[in-house]
Amino acid sequence: RFKAVIFDLDGVITDTAHYHYLAWKQLAESQGVHFDHAFNENLKGIDRMGSLDLILASAPRSYTPEEKLALADTKNLHYQELISTMSSNDLLPGAVEALDAVRRAGLRIGLASVSKNAFTVLGRLGITDKFDYVVDAATIARSKPDPEIFLRAAQELGVAPADCLGVEDAVAGVAAIKAAGMFALGIGHPFVLTEADVVITSLQQFNLSAY
Ligand code: BG6
Ligand code: MG
């Protein structure tokens, strides 16, 4: 019943969500901000500066725009170091099988990640050519939970939002999919991704004909 599937990247296709966590945790603690997995859950799917603002809201002092840019750069350099040795070994179980199943079913495939490192990560994983369209995060004005990035993907794929299945591991990402008027498949826990239409543990359970 769907004409396209639009995937998130970090935490869905590869475990870069963990690398983002490590890099943000170091950055937060360097500024005297306590950082744990619960806090990190709110940052998933949020763009770099938006995430930094959420972290610094708990800092003991305020920051100039220049200081914020420098901190964002520090986090990104750390993140880029963490992803520099990634390879196809870092694909999450079931990811390639899911992409190939969507392809065999004749649907269009999009990628909607707000990460400006998404093209690099896809390249390291060796799966760039599995996508019909990859949104360039640099051209997106509003981070998830705004639907902009999913609507852009649908538009470029030439498919109406109602005919799209969106796949997300983040609370903000599921909210973005629903705001775009799409069917939301959550990857994770039903008690976290409460807005998703269906939640599965990983793409190993992906079954296109079941949604
Ligand atoms: C999202 C991640 O995909 O990309 C966030 O879920 C991350 O954790 C965001 O902050 C922005 O990534 P980047 O690579 O542009 O800093
Ligand atoms: Mg994600």
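A good place to start is A4, which touches L107, R108, G110, A154, L157, V159, D163 and C164 once residues up to four places away in sequence are set aside. This is a predicted model, and the protein chain has a mean pLDDT of 97, with 100% of its residues at 70 or more. The predictor gives the complex an ipTM of 0.98 and a pTM of 0.96. From A4, the tour below goes on to the nonpolar core, the sites named by UniProt, one helix, and two loops.

**Around A4 and the core**

- A4 sits in strand β1, and it counts as buried because it has 23 C-beta neighbours inside 10 Å, where 20 or more are needed.
- Along the chain, A4 and A141 are 137 residues apart, and their C-alpha atoms are separated by 23 Å.
- One of the residues that A4 touches is A154, and A154 in turn touches A4, I6, V159, A160, P161 and C164, again without counting residues up to four places away in sequence.
- The largest nonpolar core has 66 residues, and A154 is among those with the most contacts inside it, along with V5, I6 and F150.
- Helix α1 gives this core its largest share, namely seven residues.

**The sites recorded in UniProt**

- An unreviewed UniProt entry places the feature "binding site" at D8, D10, E168 and D169.
- These positions are spread over 162 residues of sequence, yet they cluster in space, with a largest C-alpha distance of 8.9 Å.
- The unreviewed entry in UniProt also places the feature "active site" at D8 and D10.

**A closer look at D8, D10 and D169**

- D8 lies in the loop between β1 (4–7) and α1, and D10 lies in the loop between β1 and α1 too.
- Is D8 buried or exposed? D8 counts as buried, because 29 C-beta neighbours lie inside 10 Å.
- Leaving aside neighbours within four places in sequence, D8 is in contact with A112, S113, V167, E168, D169, A170 and G173. Two of these, E168 and D169, are also "binding site" positions in the UniProt record.
- D10 is buried as well, since it has 23 C-beta neighbours inside 10 Å.
- With neighbours within four places in sequence left aside, the contacts of D10 are T16, A17, H20, S113 and S115.
- D169 is found in the loop between β4 (164–168) and α8 (171–179), and with 27 other C-beta atoms within 10 Å it is therefore buried.
- Beyond its neighbours within four places in sequence, D169 is in contact with D8, G11, V12, A17, K44, I187 and G188.

**Helix α4 and its two sides**

- Helix α4 covers residues 65–83, and at 1.5 Å a residue its 19 residues should span 27 Å; the end C-alpha atoms are 27 Å apart, so expectation and model agree.
- Which residues of α4 are buried? They include L71, K75 and Y79.
- These three residues lie on the same side of α4, because they cover an arc of only 75 degrees around the axis.
- The cover over the buried residues of α4 includes α1 (16–30) and α3 (48–56).
- On the face turned away from the buried side, α4 carries the exposed residues E66, A70, D73, L77 and E81.

**Two loops to look at**

- Most peptide bonds are trans.
- The peptide bond from K144 to P145, however, is cis, with omega near 15 degrees.
- P145 is found in the loop between β3 (133–134) and α7 (148–157).
- H34 lies in the loop between α1 and α2 (37–43).
- Why does H34 count as exposed? It has 9 C-beta neighbours inside 10 Å, and a residue with 12 or fewer is exposed.
- H34 and A105 are 71 residues apart along the chain, and 46 Å separates their C-alpha atoms.

Key:
Residues are numbered from 1 along each chain as its sequence is written. Chains are lettered from A and ligands numbered from 1 in the order in which they are written. This is a predicted model: local features need pLDDT of at least 70, side-chain atom pairs count only at pLDDT 80 or more; totals for chains, interfaces and linings use all residues. pLDDT is the predictor's confidence in each residue, from 0 to 100. Helices (H or I, at least four residues) and strands (E, at least two) are DSSP runs, numbered from the N terminus. The expected span of a helix is 1.5 Å times one less than its number of residues. The arc is that of the directions from the helix axis to the C-beta atoms. Two residues are in contact if their C-beta atoms, placed from the backbone, lie within 7 Å. UniProt positions are given in the numbering used here, feature names are shortened, and annotations may be inferred rather than shown by experiment. A nonpolar core is a set of buried Ala, Val, Leu, Ile, Met, Phe, Trp, Tyr and Cys residues joined through C-beta atoms within 7 Å.
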